[in-house]
Amino acid sequence: MMKRLLFNLLILLCCAPIFAQRITNNAYILLKPDRVFDGQQMHNGWWVLVKDNHIEAAGEPGSITAPASAKIIDLKGMTLLPGLIEGHSHLFLHPYNEVSWNDQVMTESRAERTARAVVHARETLMAGFTTVRDLGTEGAGYDDAGLKSAIKKGIIPGPRMLVATRAIVATGSYGPKSEVAELTLIKGGEEADGLEGITHAVRSQIGHGADVIKLYADYGWGINGNAPTFTAEELKTAVEVAKSSGRTVAVHSGTTEGMRRSIMAGVTTIEHGDGGTPELFKLMKEKGIALCPTLSATEAIASYTGWKKGVDADPARVKQKHYIFTEALKAGVTICMGGDVGVFPHGDNSREMILMVDYGMKPLDVLRSSTSVNADVFGLKNLGSIKAGYLADIVVVNGNPVEDIKAVKQVKMVIQNGIVVKE
């Protein structure tokens, strides 16, 4: 009994800062940073006025009229940005060097995985990511829809969530797998085949709360490794069904043929993109399909097998990631910021932003990808920019991330939907 009381007290203490700073109706906060990134450009000397849950005004000090009752917060030496948007997250996973993916799916209880996801959600929010696109529970059913609801209701702190629920895989392609042929194991995604099967799976996941449909266009089930799974017609059907309901479609693809089929099907985003070629990136640009390169996941997995960045030569998978990222930039493909967090620790989401600069993207473009670009690609309204009328999702960092992108790790303040959750 005493242990339970202590546990409940700990939970209350952890959550108390989230709810202690709620802004009352008709309350104003005037934020005075050194500079403001509005989702497109950096502006020196701008102020931002927040009223209730939205941005009332943003601009030069002379253009803003704040009531005498406004709470004024001076943010000397700091930069104010829109709340960051994580484009590829798995809140129900944790780093593979702690527990392998197979063992997480097969041996960790749903209760444990949900408990971990609650912790991961808070860590993500405290890192300045006020919204995430969570691309599959990997064996935890539709629990991401429940997590999203709990956050929305204010039961637990966490980012606003776009959820993909179970994700869709071709029968026999995805794990976990067993050498015992008759043994039935829980799968990391929902198996579906054929046009009718794909249609049913997409509609079923939407019915269970999916905001985005995720499919695996290829996987490591080929005789020689990664190979395409769904046919071009199956992918096209999935996109048609999903988009008829206003949903976006994210496709995992690491092969050239898998990417080609996905592009022709008209998906919204391609995740990873390791099979990318100049020709495919040209097609993606023409069709307005975005790439979420997940640089951090590739480097994290390489490090788990012993690679030491900056000491050892880059392994082939890291070299390939450098190549496809460079080619995508050359082609002008829209780049989403998303690191496949869960493969590496939640709360370290900005690692991807730093790598994007390291791989050749300009810091200002990385900030755009992490805010307004992700908001646009994912269909998020009134988010990703500092503009009058937009929701008051705001992050304040120490320093200037355009001069040094590592400043995004120095999070000093987070406001989500007008609530100060970190100060």
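## A walk through the predicted model

Let us start with helix 10, which spans residues 316-331. Its 16 residues reach 23 Å from the first C-alpha to the last, close to the 22 Å expected at 1.5 Å a residue. Please keep in mind as we go that this is a predicted model. Along helix 10, the residues Val 318, Lys 321, Ile 324, Phe 325, Glu 327 and Ala 328 are buried. What lies over them? The cover for the buried residues of helix 10 includes two strands, strand 15 (269-272) and strand 16 (290-292), together with helix 8 (278-287), helix 9 (295-304) and helix 11 (351-358). Just after helix 10 comes Gly 332, with a positive phi of about 80°.

From here we can turn to the nonpolar interior. The largest nonpolar core counts 62 residues, and Ile 168, Val 202, Leu 215, Met 284 and Leu 291 have the most contacts inside it. Helix 6 (residues 232-244) gives the most to this core, with five residues. Met 284 is worth a look on your screen: setting aside its neighbours within four places in sequence, Met 284 touches Met 259, Ile 263, Ile 270, Ile 289, Ala 290, Leu 291 and Val 333. There is also a second, separate core, made of 18 residues, and Leu 31, Trp 46, Ile 55 and Ile 73 are among them.

Helix 6 also brings us to a helix pair. Two packed helices are described by the angle between their axes and the distance between the axes. For helix 5 (residues 194-207) and helix 6, the angle is about 35° and the axes are 9 Å apart. Their crossing is right-handed. On the helix 5 side, Gly 194, Leu 195, Ile 198, Thr 199, Val 202 and Arg 203 take part, and they meet Glu 233, Glu 234, Thr 237, Ala 238, Val 241 and Ala 242 of helix 6. Sorted by class, this contact has six nonpolar, three polar and three charged residues. Val 202, one of the residues in this contact, also appeared among those with the most contacts inside the largest core.

Next, a few loops with backbone features to look for. In the loop between strand 9 (168-169) and strand 10 (190-191) you will find Pro 176. A cis peptide bond joins Gly 175 to Pro 176, with omega at about -5°. Another loop, between strand 7 (129-134) and helix 4 (143-152), holds Glu 138. Phi of Glu 138 is near 50°, a positive value in a residue other than glycine. Is Glu 138 buried or exposed? Its relative accessibility is 2%, so Glu 138 counts as buried, the cut-off being under 20%. Asn 382, in the loop between helix 12 and strand 17 (394-398), has a positive phi too, near 60°. At 38% relative accessibility, however, Asn 382 counts as partly exposed.

Let us finish around helix 12, which covers residues 363-378 and includes Arg 368. Arg 368 has a relative accessible area of 17% and is therefore buried. Beyond its neighbours within four places in sequence, Arg 368 is in contact with Phe 37, Gly 39, Gln 40, Gln 41, Val 373 and Asn 374. Lys 362 sits in the loop between helix 11 and helix 12. With a relative accessible area of 60%, Lys 362 is exposed. Lys 362 and Leu 49 lie 313 residues apart in sequence, and 29 Å separates them in space, C-alpha to C-alpha.

Technical notes
Residues are numbered from 1 along each chain as its sequence is written. This is a predicted model: local features need pLDDT of at least 70, side-chain atom pairs count only at pLDDT 80 or more; totals for chains, interfaces and linings use all residues. Side-chain values use heavy atoms; hydrogens and water are left out. Helices (H or I, at least four residues) and strands (E, at least two) are DSSP runs, numbered from the N terminus. Buried means under 20% relative accessible area, exposed over 50%, partly exposed in between (1.4 Å probe, protein chains only). Contact means heavy atoms within 4.5 Å. A nonpolar core is a set of buried Ala, Val, Leu, Ile, Met, Phe, Trp, Tyr and Cys residues joined through side-chain atoms within 4.5 Å. Axes are lines fitted to C-alpha atoms, for helices over the stretch in contact, and angles run from 0 to 180 degrees between N-to-C directions. A crossing is left-handed if the near helix is turned anticlockwise from the far one by less than a right angle, and right-handed if clockwise. Ala, Val, Leu, Ile, Met, Phe, Trp, Tyr, Cys and Pro count as nonpolar, Asp, Glu, Lys and Arg as charged, and the others, Gly among them, as polar. The expected span of a helix is 1.5 Å times one less than its number of residues.
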